[in-house]
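Ready for some practice in reading a protein structure? Work through the exercises below with the model open beside you, and try each task before you look at its solution.

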Amino acid sequence: MKLAITGKGGVGKSTLSAAIAQHIADEREVIAIDGDPDMNLAGTLDIEQPAPITRETSLIEDRAGSSGGLLQMQPEVEDVLKDYSVPFGAAGRLVTIGPPEGGGTGCMCPENNFIRALVNQALDADDVIMDMEAGIEHLGRGTADDMDAMIVVIEPSRASIETAHQIQSLATDIGIDEIYGFLNKVRDEGEAELVREQADIPIIETFGYDEDVAAAGLQGTSPVEESEALRAVAVDVIDAISDAGP
């Protein structure tokens, strides 16, 4: 299963990503990729933060070239997933992309080529969960074919719904056909129905406001460990995606 999970900031992308990745990791090997510059996935899984790849400037320059020199379009990254990741669960590994480091320093082509190659390498695995920002910069036409689905996490707000529409348009442009919504933090069925009507995306699961998840956020603990309901809905999402697949 290869899932890209995205949505507006603060809607619960990392929470859902962690719950799904943790469940898979307890059964088989999975690579979790934190592609959000906020880098919340390690904390949500309650594990050590891997070294953000974008901050490994010497590694990127050695493998992909420099902004002022010769660029390597297909840098060697096979060892990076192992050397720059940390384990979680029984068989999971987390790699963190990190925020862009090239602002104001010229062309970011080496960094972009390196990250793209790293994502492509990760997608050779059977199971991959990508926690992404609202954009889809880490996915291009070449990698979209490898994704089983994209899940857009949506909360009951107009801004979140508008972001979902933008993501849907971008994902469709690069060939991702399986796009689903995950309604999060809904308080009642009436609110959920209103979001469904406005989002215009097939909703794969709905998750209400969860006190255990909220408490974990305040206490700085893992919501996956604290919330039985979150763990259960992660299984439901996995089953739903599997049933919806070709």
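**Exercise 1: A threonine in a helix**

At 14% relative accessibility, Thr163 counts as buried. Keep in mind that the model you are looking at is a predicted one.

Task: Explain why Thr163 counts as buried, and find what Thr163 is in contact with beyond its neighbours within four places in sequence.

Solution:
- Step 1. Locate the residue: Thr163 sits in helix α7, which covers residues 158-173.
- Step 2. Apply the cut-off: buried means under 20% relative accessible area, and Thr163 has 14%, so Thr163 counts as buried.
- Step 3. Look for partners, leaving aside neighbours within four places in sequence: Thr163 is in contact with Gly7, Lys8 and Ala134.
- Step 4. Check a distance: Gly9 is 154 residues away from Thr163 along the chain, yet their C-alpha atoms are separated by 9.6 Å.

**Exercise 2: The whole chain**

Task: How many helices and strands does the protein chain have, and what share of its residues counts as buried?

Solution:
- Step 1. Count the elements: there are eleven helices and eight strands.
- Step 2. Turn to burial: the chain has 246 residues, and 50% of them count as buried.
- Step 3. Consider contacts with a separation of 6 or more: 70% of these involve residues 24 or more positions apart.

**Exercise 3: Helix α5 and the cores**

Task: Which helix gives the most to the largest nonpolar core, and what covers the buried residues of α5?

Solution:
- Step 1. Find the core: the largest nonpolar core has 39 residues, and Ile33, Phe114, Leu118 and Ile154 have the most contacts inside it.
- Step 2. Find the main contributor: helix α5, residues 109-122, gives the most to this core, with six residues.
- Step 3. Pick one residue: not counting residues up to four places away in sequence, Leu118 touches Ile53, Val77, Val80, Leu81, Val95 and Ile97.
- Step 4. List buried residues of α5: among them are Phe114, Ile115, Leu118 and Val119.
- Step 5. See what covers the buried residues of α5: the cover includes β2, α3, α4, β4 and β5.
- Step 6. Compare lengths: the 14 residues of α5 reach 20 Å from first C-alpha to last, close to the 20 Å expected at 1.5 Å a residue.

**Exercise 4: The largest pocket**

Task: How many residues line the largest pocket, and which elements give two or more residues to its lining?

Solution:
- Step 1. Note the space: about 510 Å³ lies in the largest pocket.
- Step 2. Count the lining: 28 residues line this pocket, and Gly10, Gly12, Thr15, Val213 and Pro223 lie nearest its centre.
- Step 3. Name the elements: α1, α2, β7, β8 and α9 give two or more residues to the lining.
- Step 4. Sort by class: the lining has ten nonpolar, 13 polar and five charged residues.

**Exercise 5: Two aspartates with positive phi**

Task: Is Asp200 buried or exposed, and where is Asp46 found?

Solution:
- Step 1. Recall the background: most residues other than glycine have a negative phi.
- Step 2. Read the angles: phi of Asp46 is near 60 degrees, and Asp200 has a positive phi of about 55 degrees.
- Step 3. Place them: Asp46 is in the loop between α2 and α3, while Asp200 is in the loop between α8 and β8.
- Step 4. Judge exposure: Asp46 has a relative accessible area of 48%, so Asp46 is partly exposed. With 59%, Asp200 is exposed, as exposed means over 50%.

Definitions and conventions: Residues numbered from 1 in each chain as written. Predicted model: local features only at pLDDT ≥ 70, side-chain atom pairs only at ≥ 80, totals over all residues. Heavy atoms only, no water. 1 Å grid on protein atoms, 1.4 Å probe; cavity = no way out; pocket = protein on both sides within 12 Å on 5 of 7 lines; lining within 4 Å. Points joined across faces, edges and corners; volume = space filled by probe spheres on them. Helix = DSSP H or I, 4+ residues; strand = E, 2+ residues; numbered from the N terminus. Nonpolar A, V, L, I, M, F, W, Y, C, P; charged D, E, K, R; others polar. Core = buried A, V, L, I, M, F, W, Y, C linked by side-chain atoms within 4.5 Å. Buried < 20%, exposed > 50% of the residue type's maximum accessible area, 1.4 Å probe, protein only. Contact = heavy atoms within 4.5 Å. Expected span 1.5 Å × (residues − 1).
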